[in-house]
Amino acid sequence: MKPAVDIGSIVHAIPRRAFIAHSGLLLSGAAVALLSGRDALAAKAGHGAESDLRILNTALGAELEAIAAYQVGAESGLLQKPALDLALTFQGHHKQHAELLSGTIAKLGGKPVSARDKYAFPVDTLKTQVDVLRFAAGLEKGAVSAYLGAIPVFGNRDLAKAAGSILGDEAMHWAILRNAVGDVPVPEAFVS
Amino acid sequence: MPAFRRRAGLLAALLAAGLAFASQGAGTAAASGADAAVERGARVYERCAACHALDADRTGPRHCGLLGRRAGSVPGFPYSPAMRRSRIVWTEASLDRFLKAPLQALPGTSMGYDGVKDERERRDLIAYLRAAGQGPRCKPPE
């Protein structure tokens, strides 16, 4: 049996440097490559462009939901510092992912989906800080699986690379959230 | 058999949660037949959790009521034209085909996902979807 979670250990599990705030939009190499030059991107898109656009828009929809989910967590009153800061930092990453995705969709001539007015989160099951962090961990784990599942189906290799870049970030979120609730942070050698 | 009862409790919890969150140690003891498949399937279903829930439309449509319904038929969900026009009815066989390679099984689908390649994982996943469809998360409100 794993030990019961205590809030003190959560505070320990999150080092201060985990949420040093980033100012502005710092884009990774992969992101920069995507945002540079519509022509280069379009030239490589080829006949898979329509399919790539659908995949990008589905990913964007999930990112927008993740942003909203962290907002619900942050406003729930259940998160105390430092977990609250962590949630806001991760939400900031998802905002950057969403910006990259919608920018790329526009560059490829598509129409980015926008956030829904309403999301159905299982708020009835979120009663404690640990519940919120576990819920976030589940979403991040799902996001890792989703990007893993997107990488092989992109026609454009640059898009697959960008998906890999986002996957890495979300896997880190997942591990930190697991650690914060006292689960083994990295349970397996592979993600699936 | 206390071990069995614990397992049944876990199963109920997984079904109730709809989103099955990680539960270590759950897979260690051997459980029998159908329940074990459903439990394994719940864990495979975690891969769908970025986009799907049992009882709510998210980036993907809700899965309550999936077995037996026509593809693309949840009212109000913005399906791709390909899904809406597919004339698929979701059975174990059609789900198996779709989930193995969604974009090949249904070109034009907006479910941009490579699929669940392992046959046993797909079988477990479909067993979970069937069981969860009859679970507490999918019951109509009283």
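This passage describes chain B of a predicted model, its interface with chain A, and the salt bridges in which its residues take part.

The secondary structure of chain B is helical, with six helices and zero strands, so that, read from the N terminus on, its elements follow the order α-α-α-α-α-α. Of the 142 residues in this chain, 49% count as buried. Its accessible surface comes to about 7200 Å², and carbon and sulfur atoms contribute 57% of that area. When the contacts within chain B are restricted to residues at least 6 apart in sequence, 44% of them join residues at least 24 apart.

The interface between the two chains brings 22 residues of chain B into contact with 30 residues of chain A. About 2100 Å² is buried between chain B and chain A, and 56% of this area lies on carbon and sulfur atoms. Nine residue pairs, with both partners at pLDDT 80 or more, are in polar contact between chain B and chain A. On the side of chain B that touches chain A, the residues divide into 10 nonpolar, six polar and six charged.

Two salt bridges are found across the interface of chain B and chain A, whereas the structure over all chains holds 12. Glu65(A) forms a salt bridge with Arg58(B), in which the closest N and O atoms are 2.7 Å apart. This pair crosses between chains, Glu65(A) being placed in helix 4 (residues 49-75) of chain A and Arg58(B) in the loop between helix 2 (33-45) and helix 3 (81-84) of chain B. Glu65(A) has a relative accessible area of 3% and is therefore classed as buried, the limit being under 20%. Arg58(B), at 6% relative accessibility, also counts as buried. A salt bridge likewise joins the side chains of Lys141(A) and Glu46(B), with a distance of 2.5 Å from N to O.

Contacts between the chains also involve Ser145(A), which is found in helix 6 (residues 129-150) of chain A. When neighbours within four places in sequence are left aside, Ser145(A) is in contact with Ser192(A) as well as with Arg47(B) and Tyr113(B). The relative accessible area of Ser145(A) is 3%, and the residue is therefore counted as buried.

Within chain B, salt bridges join parts that lie far from one another in sequence, and the pair formed by Arg40(B) and Asp124(B) ties together parts that are 84 residues apart, because Arg40(B) lies in helix 2 and Asp124(B) in helix 6 of chain B. The side chains of Arg40(B) and Asp124(B) meet at 2.7 Å, N to O. The two partners fall into separate accessibility classes, since Arg40(B) is partly exposed with a relative accessible area of 31%, while Asp124(B) is buried with a value of 5%. Arg40(B) and Asp124(B) are further linked with Arg120(B) in a network of salt bridges.

A salt bridge is also formed by the side chains of Arg137(B) and Asp55(B), with 2.9 Å between N and O. Here the linked parts of the chain are 82 residues apart, with Arg137(B) in the segment after helix 6 of chain B and Asp55(B) in the loop between helix 2 and helix 3 of chain B. Arg137(B), at 18% relative accessibility, lies under the 20% limit and so counts as buried. Asp55(B), at 32% relative accessibility, counts as partly exposed.

A local feature of chain B concerns Asp118(B), whose place is in the loop between helix 5 (102-105) and helix 6 (119-133) of that chain. The side chain of Asp118(B) reaches the backbone nitrogen of Glu121(B) at 2.9 Å. With a relative accessibility of 39%, Asp118(B) falls between the 20% and 50% limits and therefore counts as partly exposed. Asp118(B) and Leu129(B) are separated by 11 residues in sequence and by 16 Å in space, taken from C-alpha to C-alpha.

Notes. Residues are numbered from 1 along each chain as its sequence is written. Chains are lettered from A and ligands numbered from 1 in the order in which they are written. This is a predicted model: local features need pLDDT of at least 70, side-chain atom pairs count only at pLDDT 80 or more; totals for chains, interfaces and linings use all residues. Side-chain values use heavy atoms; hydrogens and water are left out. Contact means heavy atoms within 4.5 Å. Buried area is the accessible area (1.4 Å probe) that two parts lose on being put together, summed over both. A salt bridge is a side-chain nitrogen of Lys or Arg within 4 Å of a carboxyl oxygen of Asp or Glu. A polar contact is a pair of N or O atoms within 3.5 Å; within protein, one must be able to donate a hydrogen and the other to accept it, and residues adjacent in sequence count only if both atoms are side-chain atoms. Ala, Val, Leu, Ile, Met, Phe, Trp, Tyr, Cys and Pro count as nonpolar, Asp, Glu, Lys and Arg as charged, and the others, Gly among them, as polar. Helices (H or I, at least four residues) and strands (E, at least two) are DSSP runs, numbered from the N terminus. Buried means under 20% relative accessible area, exposed over 50%, partly exposed in between (1.4 Å probe, protein chains only). Accessible areas come from the Shrake-Rupley method with a 1.4 Å probe; for residues, only the protein chains shown count as cover.
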